[in-house]
Amino acid sequence: MPTLLFYILAAITLLSTVLCLTRKNPVHAVLYLVHALFALALLYFLLGAPLLAAWQIILYAGAIMVLFLFIIMLVESPVADQSSRRLSRWLPPAALSGSLLVCGGALIVMDPAATAVISSYWLTPRDFGCALFEHYGLAVEIISLILLFAAVGAFHLGRRYRPNSKEDVS
Amino acid sequence: MIVPLGHVLILSGLLFVAGLLGVLLRRNLIMILIGVEVMLNAVGLTLVGASAYWRNPEGQLFALLLMAVAAAEVTVALALVVYLKRSRSTIDVNRFNGMQG
């Protein structure tokens, strides 16, 4: 059963990624990418990484995709959408989300207490934290510095654009 | 391991190629960034699959670090998109063909 779920989720991931990369409208592309990220989170869960699955949803599908949507709303000119009243237009996203929901439900039914039934290898959050902070504390510090530099760089780039100032002339 | 490692690698390879084609073929800057995200996720799937195959936590730890790097990359890249939109009023990469200085 987990093997079958793996192939179903792999098909969902590939399908929604291809749909994502072929959309004209970036908002639709981001929504299909969220489908792909959810399917990838369930794949992580199947492969024995429950904590990474949770972070995939919180960080990627939550934070990063919302950032993408903000920026798209900020920079894209609005596209008039005439065909949104047709019901068949909602069929691909509805089918993808429905099958994702069924797969997630099947995972919960198979393994309600999240004991190591699904996968032969199962890294609990406690073991994950021990392995991370016992052996890779320096990596955590470096990653936090990278995030700090990225925040400073984004702040620097996002200053108000002044046409008269010397460095912003283009 | 519920599936052979080869199947995980095939899936992540296909995802990576799809993201690479998106980066190479699309001309909208935001779609290029989405292609980069797809490629990073393909690498993350490889790491988690390898971690399950060798029963080793290191793969999952590196997948976590990969997520943090992806977040940093997206922050800077989207700030650049906003900057370019302000200064050139377009995000079509074919229009960015001039240099200054």
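How many residues do chain B and chain A each bring to the contact? In this predicted model, 60 residues come from chain B and 62 residues from chain A. Together the two chains bury about 5,400 Å², and 77% of that area lies on carbon and sulfur atoms.

**Make-up of the chain B side**

- I2(B), Q60(B) and M67(B) account for 13% of the area that chain B buries against chain A, more than any other three residues.
- The elements giving two or more residues to the side of chain B that touches chain A are α1 (5–25), α2 (29–54) and α3 (58–88) of chain B.
- Of the elements on this side, α3(B) gives the most, with 26 residues.
- By residue class, the side of chain B that touches chain A divides into 39 nonpolar, 14 polar and seven charged residues.

**Polar and charged pairing across the interface**

- Between chain B and chain A there are 13 residue pairs in polar contact, with both residues at pLDDT 80 or more.
- Zero salt bridges are found across the interface of chain B and chain A.

**Cysteines**

- Zero disulfides are found over all chains in a search of the whole structure.
- C20(A) is in no disulfide, and the nearest cysteine sulfur, which belongs to C103(A), is 19 Å away.
- A disulfide requires the two cysteine sulfur atoms to be within 2.5 Å.
- C20(A) is buried, with a relative accessible area of 0%.
- C130(A), by contrast, is partly exposed, and its relative accessible area is 34%.

Methods:
Residues are numbered from 1 along each chain as its sequence is written. Chains are lettered from A and ligands numbered from 1 in the order in which they are written. This is a predicted model: local features need pLDDT of at least 70, side-chain atom pairs count only at pLDDT 80 or more; totals for chains, interfaces and linings use all residues. Side-chain values use heavy atoms; hydrogens and water are left out. Buried means under 20% relative accessible area, exposed over 50%, partly exposed in between (1.4 Å probe, protein chains only). Contact means heavy atoms within 4.5 Å. Buried area is the accessible area (1.4 Å probe) that two parts lose on being put together, summed over both. A salt bridge is a side-chain nitrogen of Lys or Arg within 4 Å of a carboxyl oxygen of Asp or Glu. A polar contact is a pair of N or O atoms within 3.5 Å; within protein, one must be able to donate a hydrogen and the other to accept it, and residues adjacent in sequence count only if both atoms are side-chain atoms. Helices (H or I, at least four residues) and strands (E, at least two) are DSSP runs, numbered from the N terminus. Ala, Val, Leu, Ile, Met, Phe, Trp, Tyr, Cys and Pro count as nonpolar, Asp, Glu, Lys and Arg as charged, and the others, Gly among them, as polar.
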